[in-house]
Amino acid sequence: MIFSTLEHILTHISFSTVSVVITLHLITLLVNEIGGLYNSFEKGMIVTFLCITGLLVTRWIYWKHFPLSDLYESLIFLSWSFYIIHMIPYFKKQKNNLSAITAPSAIFTQGFATSGLLTEMHQSAILVPALQSHWLMMHVSMMVLGYAALLGGSLLSVALIIITFQKDIIRIFDKRKQFLNESFFFGEIQYRNKKDNILQSATLFSFRNYYRSQLIEQLDYWSYRVISLGFIFLTIGILSGAVWANEAWGSYWNWDPKETWAFITWTVFAIYLHTRTNKNIQGANSAIVAFIGFLIIWICYFGVNLLGIGLHSYGSFTLTLN
């Protein structure tokens, strides 16, 4: 009874805090000059992280198994993983582009898990015999950590694609504007205005182009490293799952829907890492591969659970609307 009450308290505190954090995050995105809001936002993230940690520990103690037995617990752990990735730059006193991706990911994942849509899965149950193994912690934790890192890195790649194509569109628009001016305006006034403003326009364009290029380089740098980390976690998770499957079902690989999509996910990100070795197809080209991987991860994580079939059907769920 005490553990159940504590779990409800931590759930409500974390959901209330995350609602405030979402508001602060939106304000910090619009108003960068207010440093106090950013500090309050980070403190709110820390409070929410501690509440989620307490929630996971409480369920672990109360149900006597690692809290990764169903979709609700895996969503909470996924959100906790996002918070871990987010906290690393914060404690290093570095404010980089990674937090712009990990913070909303952690907030919305945890908000969805505790919003009441998965109320039937909030109450854990006794593990089925196949899950009563020490491999549960090793396999599922590595998979979820891998999902978190791959999703975060893929979102950074999506941001890179948007900025790159936005840059190309602006360049095309500027060329068309220049062509129209040269074709239809020959007056002395337009010529003098163009002559007076050409230095200012060139300086402004160079300034914007420089910082846009720096941002693209940072996004490419962090996406590659975060995806590489997630790929390692995913590989360890698949290998440990194969060993566990051999112990539980007598076969290392059964081509279960979850296993198949996990293998497809691993293959796509292996292709991404391979493209990174070729300098001619780095940048936006490799980011497109990461974007495809982003979609496949959600198919593997949510799509298979919606079907509720196969050997990994323990995490299937139905949404409950009040």
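**Entry 1: Ser81**

I began with Ser81, whose side chain reaches the backbone oxygen of Phe77 at 2.8 Å. I note here that the model is a predicted one. I placed Ser81 in helix α3. I then asked whether Ser81 is buried or exposed. Ser81 is buried, because its relative accessible area is 0%, and the cut-off for buried is under 20%. Leaving aside residues up to four places away in sequence, I found that Ser81 touches Val144, Leu145 and Ala148.

**Entry 2: Arg59**

I turned next to Arg59, which I located in helix α2, residues 35-63. The relative accessible area of Arg59 is 1%, so I recorded this residue as buried. Which side chain makes a polar contact with the side chain of Arg59? I found that of Glu73, at 3.0 Å.

**Entry 3: the largest nonpolar core**

I looked up the largest nonpolar core, which has 59 residues. Which of its residues touch the most other members? They are Met45, Tyr83 and Tyr147. I listed the elements that give two or more residues to this core: α1 (2-30), α2, α3 (71-91), α4 (99-113), α5, α6 (188-249), α7 (257-275) and α8. Of these, α5 gives the most, with twelve residues.

I noted that another core, of eight residues, lies apart from the largest one. Its members include Ile161, Ile163, Ile216 and Leu219.

I then followed the contacts of Met45. With residues up to four places away in sequence not counted, Met45 touches Val21, Tyr83, His86, Met87, Ala103 and Ile107. Tyr83 thus appears again: I had listed it beside Met45 among the residues that touch the most other core members.

**Entry 4: the nonpolar surface patch**

I moved from the core to the surface. Which residues make the nonpolar surface patch of about 420 Å²? I recorded Phe165, Ile288, Phe291, Ile292 and Leu295. Helix α8, residues 284-307, supplies the largest share of this patch, with four residues.

Phe165 lies in helix α5, residues 135-184. I recorded Phe165 as partly exposed, because its relative accessible area is 43%, and partly exposed covers the range between the cut-offs of 20% and 50%. I note that helix α5, which holds Phe165, is also the element that gives the most residues to the largest core.

Conventions. Residues numbered from 1 in each chain as written. Predicted model: local features only at pLDDT ≥ 70, side-chain atom pairs only at ≥ 80, totals over all residues. Heavy atoms only, no water. Buried < 20%, exposed > 50% of the residue type's maximum accessible area, 1.4 Å probe, protein only. Polar contact = N/O pair within 3.5 Å; in protein donor to acceptor, adjacent residues only side chain to side chain. Patch = residues over 30% accessible without salt bridge, like charges linked within 9 Å, V, L, I, M, F, W, Y side chains within 5 Å. Areas by Shrake-Rupley, 256 points an atom, 1.4 Å probe, with all protein chains shown as cover. Salt bridge = Lys/Arg side-chain N within 4 Å of Asp/Glu carboxyl O. Core = buried A, V, L, I, M, F, W, Y, C linked by side-chain atoms within 4.5 Å. Contact = heavy atoms within 4.5 Å.
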